[in-house]
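Here are a few exercises to help you find your way around a new structure. Try each one yourself before reading the solution.

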Amino acid sequence: MTKDRTVYHCRDCGAPALRWAGRCATCGEWNTLEQEVAPTAPSRGAGPAVPVSLASLGGDGEPPRSTGIDELDRVLGGGLVDSSVTLVAGEPGTGKSTLLLQLLAGVAASGGRSLLVSAEEAPEQIGRRAARLGLATDGLFVLGETDLGAIRSAMGALRPDVVVVDSIQTIFDPATGAAGSVPSVRACAAALAQDAKCPGGPAVVLVGHVTKDGSIAGPRVLEHLVDTVLSFEGDRHHALRILRAVKHRFGPVGELGMWEMTAGGLVEVPDATALLLADRRPGTPGSVVFAGLDGRQPLLTEVQALVVPAPGGPARRSASGYDQSRLAQLLAVLDRRAGVDLRQHDVYVSAVGGVRLTDPGSDLAVACALVSALTGRSATEDMVVMGEVGLGGELRHAPQTARRLAEAHRLGFRSALVPARSEGGGPTGLTAMGIATLAEAIDVALAAAPVRPPRLRVLGGSALGTG
Ligand code: TYD
Ligand code: MG
């Protein structure tokens with residue numbers, strides 16, 4: 001006999017809980033636990049299970065199918081694998097639908113049959129978008145449907161090679177409750193995954209919206225169900241879009257794909273760093289270049305800071321692209337270990353171009369940018385910095401120094417501040433200086449005297465403190 005057991009799942013991070021609580025014990029979000037009735041598996045009666053010999057299975061299946069988009073193929077390690085399930089997660093407006101429409105057109109152009117299940121946009125709307133983007137649409141089918149059963153039977157009839165479901169949160173199965181709830185999102189994804197895994201099944205790509213307020217079940221509840229999770233990032237107000245594989249059963253993670261969102265859709269960006277640094281005005285106080293690493297790819301990013309006196313009132317701390325609590329910690333370390341007191345100042349930090357600095361090695365760049373903004377001392381123009389800042393004010397090693405420095409050299413930088421313990425030097429023509437502490441790094445990175453009297457204006461304006 002099967003007995004139902006009630007469990008709860010966090011809508012946001014997917015963590016299970018045995019009883020309801022106001023706050024998810026795993027991710028700390030409030031009001032995200034949802035009830036789910038999980039049938040317990042029958043303990044016997046399914047017949048004896050027979051293990052297979054691994055040697056009999058062989059290692060080589062079909063090669064991955066190219067998506068027709070080089071950057072995407074690179075992230076996927078060649079393309080989409082038949083019968084696989086891929087989740088593309090990103091905030092609304094990043095361009096998921098655009099990218100996947102381009103993918104489906106690419107598959108169709110190379111003779112594959114592709115199906116777009118659009119639960120959010122009408123087929124006519126998609127037709128107009130495809131025409132506007134100049135995509136060839138032979139072999140590309142669109143289904144405007146939200147009902148899971150109807151979608152599965154259409155897939156069975158059309159037998160496509162690649163199916164995109166946009167989005168998994170808007171399709172529903174009447175048996176599992178409202179669209180967007182944890183049980184519904186999971187059940188729909190599991191059913192589609194089952195179809196993919198059938199012999200000759202399509203590669204299924206699910207679109208999952210990430211929402212900050214957690215009002216719909218986030219893609220994280222699906223991560224264990226799928227073979228590949230691609231995270232599509234980018235600020236809708238900026239052009240740069242970054243795609244990375246955060247889970248990949250068929251190849252390595254760590255490759256980045258980069259695009260620029262243009263009026264003609266997503267255009268591949270072969271040299272993202274050059275794009276990110278294009279608007280930089282060397283010598284501006286508050287601007288420092290961070291030699292970063294995203295996954296396995298070096299990525300140089302300009303970090304900007306602005307510091308304004310805030311007499312009396314509570315000081316503001318605003319970070320865009322850099323973790324807010326990390327900023328608070330860095331300000332405390334600057335105060336205690338380097339004698340830089342910003343308690344009476346509003347502080348703004350921004351990673352240029354909508355980039356998110358998740359590499360802890362970005363601490364030193366943020367710290368130098370803050371001190372540069374406060375003092376008006378600008379950073380050496382052709383210098384990059386890297387290093388994680390410890391609570392003791394020490395600089396901690398940032399991995400893969402040599403790759404970062406090679407990228408900096410390629411873009412014309414001639415010196416670098418690196419944590420003293422870094423292994424591997426810079427290429428010829430770039431001087432890497434090993435530094436032990438934050439205080440020392442600030443002294444070396446920033447010119448001794450203000451280049452010009454600091455004038456506090458919004459960075460990016462025409463009169464950038466140049467007077
Ligand atoms: P969209 O692919 O609909 O994003 P998502 O599916 O992730 O929500 O596109 C997002 C934004 O991209 C949209 O607001 C407008 C912009 N955009 C362009 O700038 N150029 C284009 O060619 C297209 C199709 C969209
Ligand atoms: Mg969309």
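**Exercise 1.** Work out what share of the residues in the chain is buried.

*Solution.* Keep in mind that this is a predicted model. Begin with the length: the chain has 467 residues. Buried residues make up 47% of them. Next, look at what the chain is folded into: 10 helices and 21 strands. Then turn to the outside, where the accessible surface comes to about 21,400 Å², with 53% of that belonging to carbon and sulfur atoms. Finally, take the contacts between residues at least 6 apart in sequence: 68% of these join residues at least 24 apart.

**Exercise 2.** Check whether the span of helix α5 agrees or disagrees with what its number of residues predicts.

*Solution.* Helix α5 covers residues 182-197, which is 16 residues. The expected span is 1.5 Å times one less than that number, so you should get 22 Å. The end C-alpha atoms of α5 are 22 Å apart, so the two agree.

**Exercise 3.** Decide whether Arg186 is buried or exposed, and list what it touches beyond its sequence neighbours.

*Solution.* First place the residue: Arg186 sits in helix α5. Its relative accessibility is 15%, and the cut-off for buried is under 20%, so Arg186 counts as buried. Other buried residues of α5 include Val182, Val185, Ala189 and Leu192. Now skip residues up to four places away in sequence, and Arg186 touches His9, Gly14, Glu36, Val221, Leu222, His224 and Leu225.

**Exercise 4.** Find out how many disulfides the structure has.

*Solution.* Recall that a disulfide is a covalent bond between the sulfur atoms of two cysteines. A search of the whole structure finds 0. As for individual cysteines, Cys10 is buried at a relative accessible area of 0%, and Cys188 counts as buried at 0% too.

**Exercise 5.** Say whether Leu54 is buried or exposed, and which patch it belongs to.

*Solution.* Leu54 lies in the loop between β3 (33-39) and α1 (70-76). Its relative accessible area is 71%; exposed means over 50%, so Leu54 is exposed. Together with Val52 and Leu57, Leu54 forms a nonpolar surface patch of about 360 Å² accessible area.

**Exercise 6.** Describe the surroundings of Leu374.

*Solution.* Leu374 belongs to helix α8 (residues 363-375). At 29% relative accessibility, Leu374 counts as partly exposed. Leaving aside neighbours within four places in sequence, Leu374 contacts Val307, Val340, Leu342 and His345. The C-alpha atoms of Leu374 and Val347 are separated by 9.4 Å, with the two residues 27 apart along the chain.

Methods
Residues numbered from 1 in each chain as written. Chains lettered and ligands numbered in written order. Predicted model: local features only at pLDDT ≥ 70, side-chain atom pairs only at ≥ 80, totals over all residues. Heavy atoms only, no water. Helix = DSSP H or I, 4+ residues; strand = E, 2+ residues; numbered from the N terminus. Buried < 20%, exposed > 50% of the residue type's maximum accessible area, 1.4 Å probe, protein only. Patch = residues over 30% accessible without salt bridge, like charges linked within 9 Å, V, L, I, M, F, W, Y side chains within 5 Å. Areas by Shrake-Rupley, 256 points an atom, 1.4 Å probe, with all protein chains shown as cover. Salt bridge = Lys/Arg side-chain N within 4 Å of Asp/Glu carboxyl O. Disulfide = S-S within 2.5 Å. Contact = heavy atoms within 4.5 Å.
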